[in-house]
Amino acid sequence: MDNKLVAVLLMFISSFLLMKSSMAANNFNVVSFGAKPDGRTDSTNAFLGAWQAACRSAATVTVTVPRGSFLVKAVEFRGPCRSRITFQIYGTILAPSDYRGLGNSGYWILFVKVNRISINGGTLDARGASFWACRNSGKTCPAGARSMTFNWANDVVVSGLTSINSQATHLVINSCNNVIVRKVKLVAPDQSPNTDGLHVQASTGVTVTDSTFQTGDDCISIGPGTRNLYMSKLNCGPGHGISIGSLGRDANEAGVQNITLTNSVFSGSDNGVRIKTWARQSTGFVRNVLFQNLIMKNVQNPIIVDQNYCPTNQGCPKQGSGVKISEIVYRNIQGTSRTQQALTFDCSRSNPCQAIRLHDVKLTFNGRSATSTCKNIRGVKAGVVIPQGCL
């Protein structure tokens with residue numbers, strides 16, 4: 001064989017091997033750290049070991065969870081890390097079957113101060129049924145673990161993830177910036193208590209698209225300090241709808257602003273779009289919100305503002321809500337209400353809702369126009385608005 005050809009071949013083989021080893025060096029498979037895909041062996045330490053190795057790496061790296069079921073107890077993945085990390089999940093991550101196995105911290109899988117991270121694919125199964133049974137029995141139970149939480153994280157992508165049977169909220173974004181959630185499916189039974197799909201609070205620049213929420217509580221709940229939240233192409237139901245609030249629990253509270261929900265469908269949910277505030281003094285506010293191009297299918301309260309939330313009747317009766325609601329647009333919202341009253345604005349006596357706009361709203365009940373109720377509200381309507389009688 002020609003010497004030049006041999007040299008070229010050797011160069012090609014060595015570069016291929018180098019590339020392969022560098023790829024292997026940048027891929028941390030949890031099985032290599034001792035995880036077992038049998039659904040029974042505790043793989044928590046193996047996941048932590050893979051994370052720590054990835055976090056130390058200067059190169060962009062992937063933590064891989066291969067096919068199979070991996071039993072993982074409460075775990076905290078802490079940053080900051082040196083480079084971008086992709087958590088690629090092909091299999092299922094299982095919580096302990098006994099709810100006490102997740103302890104009382106309130107978390108199952110927790111990411112803290114991690115920047116530039118992507119979670120791709122896979123399934124989380126928190127096996128929450130035993131916890132819900134404890135809650136429903138009236139016994140003393142732990143607080144309940146949120147399935148996946150991001151605290152103080154920036155530049156986050158969660159894509160293609162399925163979360164089922166969470167003890168409490170499926171996915172929490174808290175004090176984060178620049179987060180994309182897309183093509184996720186968050187599922188728990190209709191009657192499971194407090195199994196919110198996604199909770200966002202104190203975060204800026206969150207985008208949620210092309211996702212399905214079938215839960216026992218809010219599909220998405222939006223807490224204090226949320227700004228620049230964009231939601232599109234969502235399917236919600238069963239569940240309690242998409243809710244801004246409850247707000248105003250605390251006297252000094254960050255406001256909510258620049259919220260958009262568009263091109264989404266609500267099916268059989270308790271609420272459609274809701275704004276909910278405690279009936280007590282607060283510095284909070286909700287402003288610049290757009291609800292647009294929404295379809296309601298047999299929804300109990302398609303459009304609702306409730307500023308008299310006071311579940312325990314303590315510290316709030318006879319008070320007006322201090323949360324100021326303004327610049328809310330409801331545009332092109334159509335469909336069917338499960339109750340005769342499809343449109344409810346129960347705004348604060350001391351801080352009436354301001355600059356509310358209803359534009360092309362058509363909601364029916366049993367084939368005829370639904371009804372509406374409005375208290376302490378100022379605004380305008382445009383186009384066809386059914387039911388009439390508000391504004």
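Contact, as the word is used on this tour, means heavy atoms within 4.5 Å. The model on your screen is a predicted one, and the stops below move from the whole chain to single residues.

**The whole protein**

Begin with everything displayed as a cartoon, where three helices and 31 strands can be traced. Along the principal axes, the C-alpha atoms fill a box of roughly 90 × 55 × 40 Å. Of the 391 residues, 51% count as buried, while the exposed surface comes to about 16800 Å², with carbon and sulfur atoms supplying 50% of it. If you consider contacts between residues at least 6 apart in sequence, 74% of them join residues at least 24 apart.

**Gly205**

Select Gly205 next, which you will find in strand β18, residues 204-214. Leaving aside residues up to four places away in sequence, Gly205 touches Asn178, Val179, Arg227 and Asn228. Its relative accessibility is 25%, so Gly205 counts as partly exposed. A distance drawn from the C-alpha atom of Gly205 to that of Asn258, 53 residues away along the chain, should read 9.7 Å.

**His240**

Now go to the loop between β20 (227-236) and β21 (242-247), where His240 is found. UniProt, in an unreviewed entry, lists His240 under "active site", and that annotation may be inferred rather than shown by experiment. Show the neighbours of His240 as sticks: apart from residues up to four places away in sequence, it touches Gly216, Asp217, Asp218, Cys219, Asp270, Asn271 and Arg274. Among these, Gly216 deserves a closer look, since its backbone oxygen lies 3.3 Å from a polar atom of the His240 side chain. Is His240 buried, exposed or partly exposed? Its relative accessibility is 23%, and His240 therefore counts as partly exposed, given that buried means under 20%.

**Trp51 and Phe111**

The next stops concern aromatic side chains, of which the structure holds 13 pairs. Select Trp51 and Phe111, whose ring centres are 5.8 Å apart and whose planes meet at 70°, so the pair is edge-to-face. This pair links distant parts of the chain, with Trp51 in helix α2 (residues 44-56), Phe111 in strand β8 (residues 107-112), and their positions 60 residues apart. Trp51 has a relative accessibility of 1% and counts as buried; Phe111 is likewise buried, with a relative accessible area of 1%. Adding Phe77, Phe87 and Phe150 to the selection completes one aromatic cluster together with Trp51 and Phe111.

**Tyr99 and Phe131**

A second pair to select is Tyr99 with Phe131, where the ring centres are 6.0 Å apart and the planes lie at 65°, so this pair too is edge-to-face. Here again distant parts of the chain are linked, for Tyr99 sits in the loop between β7 (92-94) and β8, whereas Phe131 belongs to helix α3, 32 residues away. Both residues are buried, Tyr99 with a relative accessible area of 14% and Phe131 with one of 1%.

**Helix α3**

Stay with Phe131 and extend the selection to the rest of helix α3, residues 129-137, in which the buried residues are Phe131, Trp132 and Cys134. Where do these residues lie around the axis of α3? They cover an arc of only 155°, which puts them on the same side of the helix. Finish at Gly138, just after α3, where the backbone takes a positive phi of about 85°.

Definitions and conventions: Residues numbered from 1 in each chain as written. Predicted model: local features only at pLDDT ≥ 70, side-chain atom pairs only at ≥ 80, totals over all residues. Heavy atoms only, no water. Buried < 20%, exposed > 50% of the residue type's maximum accessible area, 1.4 Å probe, protein only. Helix = DSSP H or I, 4+ residues; strand = E, 2+ residues; numbered from the N terminus. Arc of directions from axis to C-beta. Polar contact = N/O pair within 3.5 Å; in protein donor to acceptor, adjacent residues only side chain to side chain. Areas by Shrake-Rupley, 256 points an atom, 1.4 Å probe, with all protein chains shown as cover. Phe/Tyr/Trp six-rings, centres within 6.5 Å; stacked < 30°, edge-to-face > 60°.
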